[in-house]
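Got the viewer open and a selection box ready? Here's a route through the model, one stop at a time.

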Amino acid sequence: MRRGAAAALTLMRREIVRFLRERNRVFGALVQPIMFWGLFGAGLGSSFRPPAGGGSIGYAEYFFPGTVVLILLFTAIFSTISLIEDRREGFLQGVLVAPVPRSSIVLGKVLGGTALAVGQGLVVLIFAPLAGIKLSPASLAVSLTVMAAIAFGLTALSFCIAWRMDSTQGFHAIMTVLLMPLWLLSGSFFPAQGAPAWLSVLMACDPLTYGMAAFRRVLYPGEGPATQGLPGAGLSLAVTLLFAAAAFGTAVALAQRRGSGVRA
Amino acid sequence: MPAAMRTTAPAVETVVRVEGLVHDYGPRRALRGVDFEVGSGQIFGLLGPNGGGKTTLFRILATLIRPTAGRASVMGNDVALRPREARAAIGVVFQSPALDRKLTTRENLETQGRLYGLGGRALREAVDAMLLRVRLADRASDRVETLSGGLMRRAEIAKGILHRPRLLLLDEPSSGLDPGARSDLWDHLRELRERDGVTVLLTTHLMEEAERCDRLAILSEGALVACGAPRDLKAEIGGDVIVIATAAPEALRGEVERLCGARASVVDGTLRLERPRGHEPIPRLLETFGDRIDSVTIGRPTLLDVFVLKTGHRFWGEAEA
């Protein structure tokens with residue numbers, strides 16, 4: 001048990017060290033979402049109709065939490081792309097023959113991705129007041145926890161996808177058709193209210209909708225225009241945690257199959 | 001040479017035991033029931049052409065894949081049933097480096113040590129000692145991507161033996177190394193055996209590398225065709241080997257066989273045959289065939305001759321599908 005934890009921590013630390021040595025990854029995961037925020041915020045600002053009854057919220061403010069979650073998603077994706085690289089470069093097979101449980105290997109990778117995602121999310125989140133969102137030390141602390149839960153689930157999910165892949169091109173394709181829609185439909189980009197019925201059904205099925213809702217509810221305590229019509233805090237948190245656990249469990253199950261993860 | 005004696009001495013502890021090992025990749029059978037044992041302190045080679053089953057066997061021993069049937073154990077631990085115990089006893093050096101190129105040499109060793117349960121001061125000391133031992137102390141803080149191929153292989157071996165395994169597995173360790181780095185590698189392997197009593201099992205498709213092993217298993221098309229000390233294997237052939245280089249080996253074969261009184265085989269475009277007192281027929285060969293022969297060489301049997309004799313194969317290369 002202790003050795004498993006030590007192994008997971010070692011692998012997590014490696015993820016962080018590698019990340020800090022690859023500047024362009026920092027750039028990619030942070031700059032693109034912020035650019036989206038700037039452009040969409042400015043472009044859609046005048047045509048955006050806030051959720052019914054919510055009078056005062058502008059698009060730049062509405063989209064800001066969505067931008068933070070997009071950063072979480074991108075960081076999760078980048079860190080699991082590194083799983084494919086680990087296999088291609090050979091590092092992974094060295095880890096697979098070490099006397100550590102596979103669950104520690106998965107945990108190290110996913111915790112590493114989570115730490116990087118939360119770190120980068122935080123860098124952006126501290127600018128929330130510029131978008132009109134008030135932050136208190138308490139809401140910041142709780143936000144980080146919710147962000148960690150979201151990031152853990154997303155990293156574990158992309159681990160599941162990346163585990164069997166041997167090319168990053170394949171992963172990019174999946175990312176476009178699966179992971180991006182997960183984010184688009186989560187209420188990060190547009191609210192469910194005012195969307196056609198079929199679309200709001202889709203959105204209700206998207207597990208990230210609940211992560212997004214939990215995040216908004218933490219940023220805006222109490223009922224207000226910004227959280228109107230969102231799933232409740234308890235439900236949101238429960239789904240988010242459940243999703244994280246299920247994705248992690250699946251990742252471990254995949255990794256435990258002997259022969260998987262080995263290059264042909 | 002004491003190695004040959006060691007293989008027959010009863011007191012030798014068995015480090016690797018392989019029994020009836022079978023492995024299928026879908027419908028393709030890669031290993032067809034392989035048996036052998038490796039005693040403590042040996043340098044044991046798995047020799048065979050690419051596609052012969054060496055890498056499959058290596059992966060089973062390294063606990064990466066499970067055999068379809070049969071058993072393989074390391075220090076008495078079945079690699080399929082008790083992988084954790086087997087893994088702790090094995091150090092693995094892959095053909096493609098398993099180093100993290102973005103990390104420094106020291107960071108790579110530290111990561112490895114922690115995965116194998118080392119920590120704190122014990123880890124620091126083990127890493128320092130290992131860096132000195134493989135003469136990489138001056139490159140400890142350099143990222144692995146800046147090391148040359150030979151130094152990288154050294155770092156790789158350092159990583160493989162950091163946790164003091166009883167068995168070191170190496171997959172094609174010489175591939176991609178220049179001759180200097182190769183002999184460097186072998187110095188390290190011998191030192192490991194002498195100083196630490198580590199048993200070494202390596203795969204190779206290079207005859208000259210196989211010659212250096214204490215014992216060899218020759219694998220062809222998934223089956224073990226010979227097993228023993230290189231000298232003993234060659235001694236089984238006896239006599240001399242005559243190699244005739246000619247543009248038309250098949251055409252000359254019958255006549256050459258009659259003239260020399262021995263069976264000839266065509267290998268890689270040459271005629272090879274083996275007989276005692278190989279020098280005797282050479283003048284008549286030259287007189288009879290004259291300019292149809294480019295050259296005639298005579299020598300002691302090589303491992304290639306052993307392979308040809310045992311398999312009847314004519315080529316040392318990719319196994320035919």
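Select Val241(B) and Glu274(B): Glu274(B), in strand 13 of chain B, is the bridge partner of Val241(B). Keep in mind as you click around that this is a predicted model. Now widen the selection to residues 240–246 and 270–275 of chain B, which are strand 11 and strand 13, and you'll have a pair running in the antiparallel sense over 6 bridges.

Next, bring in the rest of the sheet. It is an open one of 4 strands in chain B, ordered 12-13-11-14, with antiparallel pairing. Which strands stand at the edges? Pick 264–267 for strand 12 and 293–299 for strand 14 of chain B: each has a single partner strand, so one side of each is left without a neighbour in the sheet. Look along the sheet and you can follow the twist, which averages 25° from one strand to the next.

Staying with this sheet, add residues 303–311 of chain B. That's helix 12, which packs on the sheet and touches strand 11, strand 12 and strand 13 of chain B. Its direction makes about 90° with that of strand 13 of chain B. Show side chains on helix 12 of chain B and pick out the buried residues there: Leu303(B), Asp305(B), Val306(B), Phe307(B) and Val308(B). Asp305(B) is the charged one to click on in that buried list. Then step just past the helix to Gly312(B), where phi is positive, at about 70°.

Time for another part of chain B. Select residues 215–220, which make up strand 9. Buried or exposed, what would you guess for this strand? It is mostly covered, with 6 of its 6 residues buried. Turn the strand over and you'll find that both faces are covered: Arg215(B), Ala217(B) and Leu219(B) are buried on one side, and Leu216(B), Ile218(B) and Ser220(B) on the other.

Now add the partners of strand 9. Residues 43–47 of chain B are strand 3, which runs parallel to strand 9 of chain B and is joined to it by 4 bridges. To see one of these pairings, click Gly45(B), whose bridge partner in strand 9 of chain B is Leu216(B). Residues 223–228 of chain B are strand 10, antiparallel to strand 9 of chain B and joined to it by 5 bridges. Here, try Ala217(B) and its bridge partner in strand 10, Cys227(B). Strand 9 and strand 10 of chain B form a hairpin with 2 residues between them, and Glu221(B) in the turn has a positive phi of about 50°.

Next stop, the contact between the chains. Here 24 residues of chain B are in contact with 22 residues of chain A. On the chain B side, select 83–89 and 105–115: these are helix 3 and helix 4, and each supplies at least two residues of the side that touches chain A. Colour that side by residue class and you get 11 nonpolar, 5 polar and 8 charged.

Finally, hide chain B and look at chain A by itself. What is its secondary structure? The count is 10 helices and 0 strands. Its radius of gyration is 19 Å, close to the 18 Å the globule rule gives for 264 residues, so chain A is as compact as a globular protein of that length. Along its principal axes, the C-alpha trace of chain A spans about 60 × 35 × 35 Å. Colour by burial and 46% of its 264 residues count as buried.

Notes: Residues numbered from 1 in each chain as written. Chains lettered and ligands numbered in written order. Predicted model: local features only at pLDDT ≥ 70, side-chain atom pairs only at ≥ 80, totals over all residues. Buried ≥ 20, exposed ≤ 12 C-beta atoms within 10 Å, placed from the backbone. Pairing = 2+ DSSP bridges. Contact = placed C-beta atoms within 7 Å. Axes fitted to C-alpha atoms, helices over the stretch in contact; angles between N-to-C directions. Rg over C-alpha atoms; globule rule 2.2 N^0.38 Å.
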